[in-house]
Amino acid sequence: MPASWAGERITVGERVFFAGLLAGGVERFVRAPSRRAVSDTLKNALVFSSQEGTRGLVYDLIVLGGGPAGYHGAALAGRKGLRTLLVEQNALGGVCLHSGCIPSKTWLQSAKIYAHAQNGAVYGVSAEGLHFDQKRVTARKNKVVRILGAGVKAKLQNANVDVVTAKGIIQGKDDAGFRIKAGADHYTGKNLLIATGSEPIIPPIPGLAAGLAAGTVKTNAEIFDLNHLPASLVVIGGGVIGLEMAAYFNAVGSRVTVIELQDRIGGTLDRELAELLYNNYRKKGVDFKLNTRVTAVDGHRVQFTSPAGDGAVEAEVILLSVGRRPLLSGFGLETLQPQIDHGRLVVDRSGRTSVPGLYAAGDVNGLSMLAHTAYREAEVCIDRMLGGTEEVNYEAIPAVIYTDPEVASVGETAESAARKGLAVQTIKVSMRYSGRYVAEHEGGDGICKLVVARGDRRLLGVHLIAEYASELIYGAGFMIDRKLTTEELGKVVFPHPTVGEIIKEAALQNDG
Ligand code: NAI
């Protein structure tokens with residue numbers, strides 16, 4: 001098996017020496033206490049690699065997929081001492097890094113700065129000659145992705161995880177473990193973590209596939225490569241992706257229309273928050289078509305039907321964002337015959353599938369489809385592999401829509417509580433109770449809502465629409481996870497003045 005140097009790296013700050021090599025397609029970084037020791041360690045690694053490459057090394061864990069679930073799980077496993085291999089066919093980081101969370105937040109930051117500059121006069125700051133340069137915005141996005149991609153790689157290296165860049169195919173399971181083919185090589189894993197993620201749903205709408213092929217229709221996979229601003233955009237699907245992209249393109253000057261099948265935007269979001277967001281964006285000029293079904297796409301023209309009648313809207317770019325589905329095929333999963341239900345790889349709250357030793361984390365299980373859920377799911381999978389008993393508390397997972405203002409939610413809404421037959425009360429407080437919010441957000445009309453169990457007054461849900469909501473919501477998730485009552489929450493000291501104080505303020509309203 002040929003082996004070649006891929007370079008040498010010295011981390012002076014940590015006084016730890018690394019040297020990288022490629023052997024049998026596996027990128028391995030060895031760690032040694034001194035520079036001189038690197039060469040000896042490497043020699044050993046080379047011998048080891050050249051023998052194992054053909055025989056097939058048995059790993060404690062093989063991870064398929066290098067997105068948040070995959071890289072976080074692999075790094076944790078490596079740090080915990082499991083001999084771990086991560087197989088990823090593309091660049092590390094997954095949808096989150098390359099065409100999801102990070103590109104959108106990078107773009108949205110530019111839009112926010114632009115909006116602040118445009119609206120600065122009310123704060124006594126006027127700017128002239130403003131220019132929004134989409135090419136530079138996308139170039140910066142690419143830089144941010146590169147920086148964070150290097151971070152993911154370093155995280156895996158530091159955890160001694162082997163990484164192979166190839167498509168991994170499951171070939172079955174025998175007494176030694178799960179057999180995986182990646183490129184020309186074969187590997188065996190005692191445990192296998194499926195972290196293959198999800199793909200956009202492409203509904204069978206006439207003309208949609210042709211539009212995707214021609215590039216007039218884009219999904220999140222293509223939209224972030226735009227180097228110019230389209231004069232107009234139609235968004236099909238008023239969910240999370242649709243709303244964030246509508247917010248972006250509206251802020252930077254495109255004419256935006258959002259077509260949504262349901263009578264509301266934002267899916268399962270608290271209805272009042274969804275309405276506030278809807279009104280906010282309507283005021284800013286976004287055209288929403290609710291209760292509307294797209295019937296055909298013809299070039300730049302999107303045809304639709306709604307209770308008000310049929311119609312069509314034309315746009316330079318059409319964004320398709322009607323949801324994502326778990327990626328379950330094309331990599332040999334069927335050879336293991338795990339339980340699959342409605343296109344989701346079935347797992348318990350510890351990420352265990354119906355096949356012993358086979359785990360799944362992230363979008364592939366279809367439970368929550370958020371990067372931070374993926375992280376937590378990966379953590380409990382590794383814990384289980386090591387004999388632990390951890391579970392994901394799906395009731396305390398925050399969700400954020402990074403519009404301006406942001407919307408952040410965790411736990412039950414009044415609607416979801418009613419569906420479950422939970423007796424709750426809702427406490428609603430205007431964000432104007434927060435000194436910092438009023439000082440910083442001229443004309444802001446955000447709200448904070450708590451959903452509290454009647455009787456023991458346990459906190460069951462927190463819903464915010466306001467700037468900084470994304471940065472506040474994790475604390476609320478923690479409070480719900482720890483089953484805090486509003487009385488206990490009212491005794492927490494929040495720094496003043498902060499927007500987060502609003503949560504305490506709301507809790508105090510429930511006192512007595
Ligand atoms: P989504 O499930 O959030 O929204 C899809 C929307 O499309 C729904 O409102 C649905 O009613 C609508 N829809 C479905 N078929 C339609 C049709 N034929 N015509 C018109 N509307 C239709 O899915 P989305 O926005 O594509 O996001 C995919 C995943 O990515 C989600 O799981 C989301 O949580 C995740 N994501 C999370 C982000 C965040 O946490 N900030 C950001 C972006 C995506």
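Q: Why are helix 2 and helix 5 called roughly parallel to each other?

A: In this predicted model, helix 2 (residues 68-79) and helix 5 pack at an angle of about 30°, with their axes 8 Å apart. Angles under 35 degrees count as roughly parallel, and helix 2 and helix 5 are therefore given that name.

Q: Which residues make the contact of helix 2 with helix 5, and what is the hand of the crossing?

A: The crossing of these two helices is left-handed. On the side of helix 2, Tyr71, Ala74 and Ala75 take part, and they meet Val152, Lys155 and Leu156 in helix 5. Sorted by character, the residues of this contact are 5 nonpolar and 1 charged, with no polar residue.

Q: Helix 5 also packs with helix 4; why is that pair called oblique?

A: Helix 4 (residues 101-118) and helix 5 (residues 134-158) pack at about 140°, and their axes are 9 Å apart. To count as roughly antiparallel an angle has to be over 145, and the range for roughly perpendicular is 65 to 115. The value of about 140° fits neither class, nor is it under 35 degrees, and helix 4 and helix 5 are therefore oblique to each other.

Q: What makes up the contact between helix 4 and helix 5, and what is the hand of their crossing?

A: The crossing of helix 4 and helix 5 is right-handed. Helix 4 contributes Ile102, Pro103, Thr106, Trp107 and Ser110, which meet Val137, Arg140, Lys141, Val144, Val145 and Leu148 in helix 5. Of the residues in this contact, 7 are nonpolar, 2 polar and 2 charged.

Q: Why do strand 23 and strand 25 count as edges of their sheet?

A: The sheet is open and is formed by 5 strands in the order 23-24-27-26-25, with antiparallel pairing. Strand 23 and strand 25 (424-430) each have a single partner strand, so one side of each is left without a neighbour in the sheet. From one strand to the next, the twist averages 10°.

Q: How do you know that strand 24 and strand 27 pair?

A: At least two bridges are needed for two strands to pair, and strand 24 (residues 407-411) and strand 27 (residues 459-465) have 5 bridges, in the antiparallel sense. Gly411 stands opposite Gly461 in strand 27. Helix 9 (residues 271-283) lies across strand 24, strand 26 (447-453) and strand 27, and runs at about 5° to strand 27.

Q: What joins strand 16 to strand 15 and to strand 17?

A: Strand 15 and strand 16 form a hairpin with 2 residues between them, and Gly299 in the turn has a positive phi of about 65°. These two strands pair in the antiparallel sense over 5 bridges, and Val294 stands opposite Phe304 in strand 16. A hairpin through 2 residues also joins strand 16 to strand 17. Strand 16 and strand 17 (residues 309-314) run antiparallel and are joined by 6 bridges, with Ala312 in strand 17 as the bridge partner of Gln303.

Q: Which residues come nearest to the ligand, and which elements supply its shell?

A: There are 27 residues around the ligand, and those that come nearest are Gly237, Gly239, Ile241, Val322 and Met369. Helix 8 (240-251), strand 15 (293-298) and strand 23 (399-401) are the elements that give two or more residues to the shell. Helix 8 gives the most, with 4 residues. By character, the shell divides into 14 nonpolar, 9 polar and 4 charged residues.

Conventions. Residues are numbered from 1 along each chain as its sequence is written. This is a predicted model: local features need pLDDT of at least 70, side-chain atom pairs count only at pLDDT 80 or more; totals for chains, interfaces and linings use all residues. A residue is near a molecule or strand if its C-beta atom, placed from the backbone, lies within 6 Å of it. Ala, Val, Leu, Ile, Met, Phe, Trp, Tyr, Cys and Pro count as nonpolar, Asp, Glu, Lys and Arg as charged, and the others, Gly among them, as polar. Axes are lines fitted to C-alpha atoms, for helices over the stretch in contact, and angles run from 0 to 180 degrees between N-to-C directions. A crossing is left-handed if the near helix is turned anticlockwise from the far one by less than a right angle, and right-handed if clockwise. Two residues are in contact if their C-beta atoms, placed from the backbone, lie within 7 Å.
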